[in-house]
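Student: Could we go through how the helices in this model pack together? I'd like to learn the terms along the way.

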Amino acid sequence: MVVDDETTDEELMLSLASGDDQAFHQLFERWKRPLISYFFRSLNDYHRAEDLALMVASKVYSARHKYKVLSKFSTWMFQIAQNLLRDEFRKMQTRKSQMFVPDFDYGDSLIEDDSQSIAEMEEWLMYTIRNLKQQERSLILLVYQQGFTPAEAAEVLGIKANYARVLLHKIRTYLTEEFKTA
Amino acid sequence: MKKPPDFEGFESLLKGQVREPSPGFEEALRNIPGTAGVRRGDRFTSSLARISAIAAALILASLIGLNSLQVKPVETNSMVSIQELAEDPAMLTLFSLSEDLELAASLLDEENQFALDYFSSAP
């Protein structure tokens, strides 16, 4: 199969299922950073985020023959990621340990590029996200970080689309209030 | 703690690109197609399943074999009441015969010979 940027994730997955391992590498060249980013924002632990991203890749490869194009590949893959994250949170609840490792590189994407300011904002972001419930945190990451629609994010989380919209509204209200607070 | 100025700032902060994955991550990712399906855990699980299936088959075969070899219990005489026996002519005959035999045995018993002689000589 000739792989280019136009090839969809679903086509790559079907190609992988038919025995083309190169499609696997192409697929995760696209998705490794979003996955690590998602896990990192959920756990505040970069090394664990890499481990979990690898576990997702491994599970996707193992399940390549079972894959059916019923929904978007990204929705299916993030459902796997979400299951791993749930397990991880269960383990963390017993360990009761969280790490803070600011490891992001924003370049010109932020209004301020002063590294001290970014580190402070990073700390604020971690503090704010940590106050959200696990489901709320996953929802906001899927929508605002990964670019999922509320309906797609709801599918990943196993909740109704309308409930996801209500939850998003609630989170936005909470964050707006947080911005206003001095 | 410094905050982003608005919600859009928050979004861009959320989307901030993670640093490049570590070389260890890249290597592990490259090796996934070669190592998937040969993990120790999978092998152990499949072996365990195979052993369990064999053990279950052996136990089932043993049970079937034992069942076919099992000796049927011998039918025993049921208990019969005295009244039922008295009404059964065959049983009465049997008892009569039994009494006759006992009488014959006592007559033939040498130990009883003295008593027999005594009664036979009595007037």
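Tutor: Happily! A crossing is left-handed if the near helix is turned anticlockwise from the far one by less than a right angle, and right-handed if clockwise. Helices here are DSSP runs (H or I, at least four residues), numbered from the N terminus. This is a predicted model, where local features need pLDDT of at least 70, side-chain atom pairs count only at pLDDT 80 or more, and totals for chains, interfaces and linings use all residues. Residues are numbered from 1 along each chain as its sequence is written, and chains are lettered from A in the order in which they are written.

Student: Which hand does the crossing of α1(A) and α2(A) have?

Tutor: Helix α1 covers residues 9-17 of chain A and helix α2 covers residues 21-43. Applying the turning rule to this pair, α1(A) passes α2(A) in a crossing that is left-handed.

Student: Are α1(A) and α2(A) roughly parallel or roughly antiparallel?

Tutor: Their axes, lines fitted to C-alpha atoms over the stretch in contact, lie 7 Å apart at an angle of about 150°. Angles run from 0 to 180 degrees between N-to-C directions; under 35 degrees counts as roughly parallel, over 145 as roughly antiparallel, 65 to 115 as roughly perpendicular and the rest as oblique. The pair is therefore roughly antiparallel.

Student: Which helix gives the most residues to the largest nonpolar core?

Tutor: Such a core is a set of buried Ala, Val, Leu, Ile, Met, Phe, Trp, Tyr and Cys residues joined through C-beta atoms within 7 Å, buried meaning 20 or more other C-beta atoms within 10 Å of the residue's own. This one has 42 residues. With 11 residues, the helix giving the most is α2(A).

Key
Helices (H or I, at least four residues) and strands (E, at least two) are DSSP runs, numbered from the N terminus. A residue is buried if 20 or more other C-beta atoms lie within 10 Å of its own, exposed if 12 or fewer, and partly exposed in between; C-beta atoms are placed from the backbone.
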